[in-house]
Amino acid sequence: MSAAANTAMEINFDGLIGPTHNYAGLSLGNLASARNAGAPARPKAAALQGLRKMRLLLSLGVPQGIFLPHERPHLATLHAWGFRGSPEAMIAEAYAADPALLTNVSAASSMWAANAATVSPSADTADGRVHFTAANLASNLHRSLEGDFTARQLATIFSDPAHFAVHEPLPGGVHMGDEGAANHGRLGAQHGAPGIELFVYGENPSGSFPARQRRRASEAVARLHRLSPERTVFLQQSNAAIEAGAFHNDVVSVTNEHVLFAHEQAFEDRDGAYAALRAAFPGLMVVEAPASEVSLADAVGSYLFNSQLVSLPGRAGEMALILPAETQETASTRAYLDRLLASGGPIAETHVVEVRESMRNGGGPACLRLRVAVTQDEAAAIDPRFLMDEARLTALEAWVEAYYPETLALEGLADPILHRTALEALDTLTTLLDVGPIYDFQR
Ligand code: SUG
């Protein structure tokens, strides 16, 4: 094993949940988003829940970073759609013309950082750099507005060209729909050891819900990242899972080091999928939840597989699952987890987090983070202003307390005070973290 493999680590970058968090029912095929459409949201509680999860990860010794919330409502998009005048006038006019335009430019959906980008660690790439491709998120209007600012943030955080390559979102719209790391995994002996990369695409031609990730998009990302074809596997997500509400593969499977934790019905051709992975990576260990124990409906309802599966630093080979509370409230997943822990496998402990505000829009613990595996040298090249410690999390909590609304209903999105407060909050945030004028409204 190389020295780099010994010292590599995984940093989780979470999307800091923004002040306009709301439930607008914008995501077809995402059952939670549809179920809660129009319900009042609790932005302050949402952001505090996210910060508490980051604190837990830090306490386990897992390094933590953040992405700043995107500027919302996004007036530049309203402008591009022909609205003119003061911010107040544009917001009022858009809401009167078509409320969906306003909900789409107001979504706080950048919180789901698993969809921000696909990341390939340097051990996998031909040029020995960590590669990032910002996701175009073309399948949904509100999310298609994220890619440009995501690329800007990535280029700021991972700016050192000796270690990092940041690629713009793929062009091609829905034809090249790319949802980032939510449909991507990596298998290797350790984070820093050469591994294989796993891209999961969907088709679902006769289903009622769209497949968001196109195979062509995954292939383009693999080319951009200069991955070796022998160590890259493309698998089709099962149509049954998409129809059950698994709009991203990370709702039914997750990888970490040599482990694939998956629902039996995650892949369209289960046996073929495991065989392809084993051929590329003989050290694979599959931890599979059988459908007879956990139905797809319960997997989607509880987000069991949208747990963060993390290696515990200093505890050779041991992993922890960071579970959403909903897995404890679902009889089948609770029983399955009891059995899993008693089985003595690599998953040595579980931690339950409350991220209910995000869950109500279809985002579990794993959706809220982007994993970036790096060597010590690469870690040292990351912009430290985006890395967290206890004191910075405390400062962010105070910032949330000061600026975030307690509740937000859809009509509230048209309130010009929300826009003003949101920009003030983001402006203060850039001062707090000393990141400079990163937002359009500051330039
Ligand atoms: O893209 N929900 C997000 C949830 C993303 C979860 N991410 C992963 N599985 N990795 C989505 O569907 C709902 C917004 C609304 O309806 O207001 C939303 O965008």
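## Polar contacts with the ligand

A nitrogen atom of the ligand is 3.0 Å from an N or O atom in the side chain of Asn-115. This is a good place to start looking around the structure, which is a predicted model. Asn-115 has company in touching the ligand through polar atoms. An N or O atom in the side chain of Arg-212 comes to 2.8 Å from an oxygen atom of the ligand. His-248 takes part too, with a polar side-chain atom lying 3.0 Å from a ligand nitrogen. On its own, the ligand has 490 Å² of accessible area, and the protein covers 99% of that.

## The shell around the ligand

How many residues surround the ligand? There are 22 of them, and the closest are Leu-26, His-142, Arg-212, Asp-250 and Cys-367. Arg-212 may sound familiar: its side chain makes the 2.8 Å approach to a ligand oxygen described above.

You can also sort this shell by residue type. Eleven of the residues are polar, eight are nonpolar and three are charged. If you think of the ligand as filling a space inside the protein, that space is the second largest cavity.

## Two residues with positive phi

Next, try finding two residues that have a positive phi without being glycines. One of them is Leu-137, with a phi of about 45°. To find Leu-137, look in the loop that runs between strand E4 (130-134) and helix H7 (141-144). Is Leu-137 buried or exposed? Leu-137 has a relative accessibility of 1%, so it counts as buried, the cut-off being under 20%.

Asp-434 is another non-glycine residue with a positive phi, here about 60°. Asp-434 sits in the segment that follows helix H17 (416-432). The relative accessible area of Asp-434 is 55%, and because the cut-off for exposed is over 50%, Asp-434 is exposed.

## A cis peptide bond

Which peptide bond is cis, with omega near -5°? It is the bond leading from Arg-72 to Pro-73. You can find Pro-73 in the loop between strand E2 (64-67) and helix H4 (75-80).

## Stops along the helices

Helix H6 covers residues 99-106, and Ser-106 belongs to it. Ser-106 is buried, with a relative accessible area of 1%. What lies 2.7 Å from a polar atom of the Ser-106 side chain? The answer is the backbone oxygen of Leu-102.

Phe-149 is part of helix H8, which spans residues 147-157. With a relative accessible area of 11%, Phe-149 is buried. Phe-149 and Ile-438 are 289 residues apart along the chain, and their C-alpha atoms are separated by 9.1 Å. Ala-276 is found in helix H11 (residues 270-280). Ala-276 has a relative accessible area of 30%, so it is partly exposed, a label for values that are neither under 20% nor over 50%. Between the C-alpha atoms of Ala-276 and Phe-234 there are 8.9 Å, while 42 residues separate the two along the chain.

How values were computed:
Residues numbered from 1 in each chain as written. Predicted model: local features only at pLDDT ≥ 70, side-chain atom pairs only at ≥ 80, totals over all residues. Heavy atoms only, no water. Near = heavy atom within 4 Å. Polar contact = N/O pair within 3.5 Å; in protein donor to acceptor, adjacent residues only side chain to side chain. Areas by Shrake-Rupley, 256 points an atom, 1.4 Å probe, with all protein chains shown as cover. 1 Å grid on protein atoms, 1.4 Å probe; cavity = no way out; pocket = protein on both sides within 12 Å on 5 of 7 lines; lining within 4 Å. Sits in = over half its atoms within 2 Å of the grid points. Nonpolar A, V, L, I, M, F, W, Y, C, P; charged D, E, K, R; others polar. Helix = DSSP H or I, 4+ residues; strand = E, 2+ residues; numbered from the N terminus. Buried < 20%, exposed > 50% of the residue type's maximum accessible area, 1.4 Å probe, protein only.
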